[in-house]
Amino acid sequence: VKVTIALPDKKAIELSVPASTQAGELEKRATSAAGLGPGAPIFGLFATNAGLVSKIPAMTLVGNPNTTLILGRWLFTKAQENVDDPAAEALLVAQAMDAMKAGSLGELDTETLDRFSALKDEQQYKKFLKAARKIENYATVAVPNATSDFPSEGSKINVIVSLESISLQPGGGEATPFEWTTIKKHSHSGKTFTFTYTADDDSEETVTIESPNAGYIALCAARIKEERAWSEQLLAGGKAADNWFS
């Protein structure tokens, strides 16, 4: 089958693969076809279907003609994004610039947007990314229009997933973060994502989130666990394997 994969810079690559190809293998072929070098492990394969964007699980078959495939940033650890790969940097910048214009990284004034746009046009990618990493919502995933039993049953919330926490934000309200270090376990089934955390009084509380993108939240949680483990091993003097971030 022929598969078209959109890139953050509005270009696309087309690959011919067996119908039995899984997303993990296609992801590797796509990063190679896009000319990405050592920075490739920080990109992943995403899909848009019925207006929802989500990461594709590695074992998923990719032959659905109704799904638009996208190669995008798949990394929560800002410190590990500093890659010496111009092609990777260009895609990271393109994706970040789109997110800024869409308001996904928070409200940025016109002057700030113009500065970032100028850095992009001048191909000062390292300077652009260094500044972008200082934005609070950079390297996070936001899942809007979810429902939760926190703070009360049936609450309409946005879910924000970062390296440090999973935050629940009611519409127009302040987000409540639950740090991963306090989360004892989490699970996913269908449209439901559930996690159990240790509260300030040392009791264990469970929060349930309902969303068509519950599976995406679960993949984010698994990726963050993986990245945190990699970072701990590197700090302990371990050596990065080929499938670790660079």
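Here is a walk through this predicted model, from its first sheet to its last helix.

Let's start with sheets. Strands in a sheet pair through backbone hydrogen bonds, and the pairing can be parallel or antiparallel. One open sheet here has five strands, in the order β2-β1-β5-β3-β4, and its pairing is mixed. Look for the edges: they are β2 (12-16) and β4 (52-55), each of which pairs on one side only. The sheet isn't flat, either: ignoring direction, neighbouring strands are turned by 35° against each other on average.

Now zoom in on one pair from this sheet. Strand β3 (residues 43-49) and strand β5 (residues 68-73) run in the antiparallel sense and are joined over six bridges. If you'd like one bridge to find on screen, try Leu-45, whose partner in β5 is Leu-71. Then look for the helix that goes with this sheet. Helix α1 (residues 23-33) lies across β1 (2-6), β2, β3, β4 and β5, and runs at about 125° to β2.

Next come three helices that touch one another. Two packed helices are described by the angle between their axes and the distance between the axes. Take α2 (residues 86-102) and α3 (residues 110-121): their axes come within 11 Å and cross at roughly 160°. That angle makes α2 roughly antiparallel to α3, because anything over 145 degrees counts as roughly antiparallel. The crossing of α2 past α3 is left-handed. Which residues of α2 and α3 meet? On the α2 side they are Val-93, Ala-94, Met-97, Met-100 and Lys-101, and on the α3 side Leu-113, Phe-116, Ser-117 and Lys-120. Sorted by class, this contact has six nonpolar residues, one polar and two charged.

Helix α2 also has α4 (residues 125-132) as a partner. Here the axes come within 10 Å and cross at roughly 45°, so α2 and α4 are oblique to each other. This crossing is left-handed. From α2, the residues in the contact are Pro-86, Glu-89, Ala-90, Leu-92, Val-93, Ala-96, Met-97 and Met-100, and they meet Tyr-125, Lys-126, Phe-128, Leu-129 and Ala-132 of α4. By class, that contact comes to 11 nonpolar residues, no polar ones and two charged. Notice that Val-93, Met-97 and Met-100 turn up in the contact with α3 and in the contact with α4.

To complete the trio, follow α3 to α4. Their axes come within 8 Å and cross at roughly 150°, so these two helices are roughly antiparallel. The crossing is left-handed. Phe-116, Leu-119 and Lys-120 in α3 meet Tyr-125, Lys-127, Phe-128, Ala-131 and Ala-132 in α4. The classes here are six nonpolar, no polar and two charged residues.

Further along the chain you'll find another sheet. This open sheet has seven strands in the order β9-β8-β7-β6-β12-β11-β10, with antiparallel pairing. At its edges stand β9 (176-179) and β10 (183-189); each has a single partner strand, so one side of each is left without a neighbour in the sheet. From one strand to the next, the twist averages 30°. Inside this sheet, β6 and β12 pair in the antiparallel sense over two bridges. Ser-148 is a handy residue to find here, as it stands opposite Ile-209 in β12. Helix α5 (residues 214-235) packs on the sheet, where it touches β6, β7, β8 (165-170), β10, β11 and β12, and its direction makes about 45° with that of β11.

Finally, let's visit a few backbone oddities. Most residues other than glycine have a negative phi, and most peptide bonds are trans. Where do we find Asn-145? Asn-145 sits in strand β6, and its phi is near 60°, a positive value in a residue other than glycine. With 68% relative accessibility, Asn-145 counts as exposed, because the cut-off for that word is over 50%. Asp-202 has a positive phi too, of about 70°, although it is not a glycine. You'll find Asp-202 in the loop between β11 (192-198) and β12 (204-210), and at 65% relative accessibility it counts as exposed. The last stop is a peptide bond: the one from Phe-150 to Pro-151 is cis, with omega near 0°. Pro-151 has its place in the loop between β6 (141-148) and β7 (155-161).

Technical notes
Residues are numbered from 1 along each chain as its sequence is written. This is a predicted model: local features need pLDDT of at least 70, side-chain atom pairs count only at pLDDT 80 or more; totals for chains, interfaces and linings use all residues. Side-chain values use heavy atoms; hydrogens and water are left out. Axes are lines fitted to C-alpha atoms, for helices over the stretch in contact, and angles run from 0 to 180 degrees between N-to-C directions. Helices (H or I, at least four residues) and strands (E, at least two) are DSSP runs, numbered from the N terminus. Angles under 35 degrees count as roughly parallel, over 145 as roughly antiparallel, 65 to 115 as roughly perpendicular and the rest as oblique. A crossing is left-handed if the near helix is turned anticlockwise from the far one by less than a right angle, and right-handed if clockwise. Contact means heavy atoms within 4.5 Å. Ala, Val, Leu, Ile, Met, Phe, Trp, Tyr, Cys and Pro count as nonpolar, Asp, Glu, Lys and Arg as charged, and the others, Gly among them, as polar. Two strands pair if DSSP finds at least two bridges between them. Buried means under 20% relative accessible area, exposed over 50%, partly exposed in between (1.4 Å probe, protein chains only).
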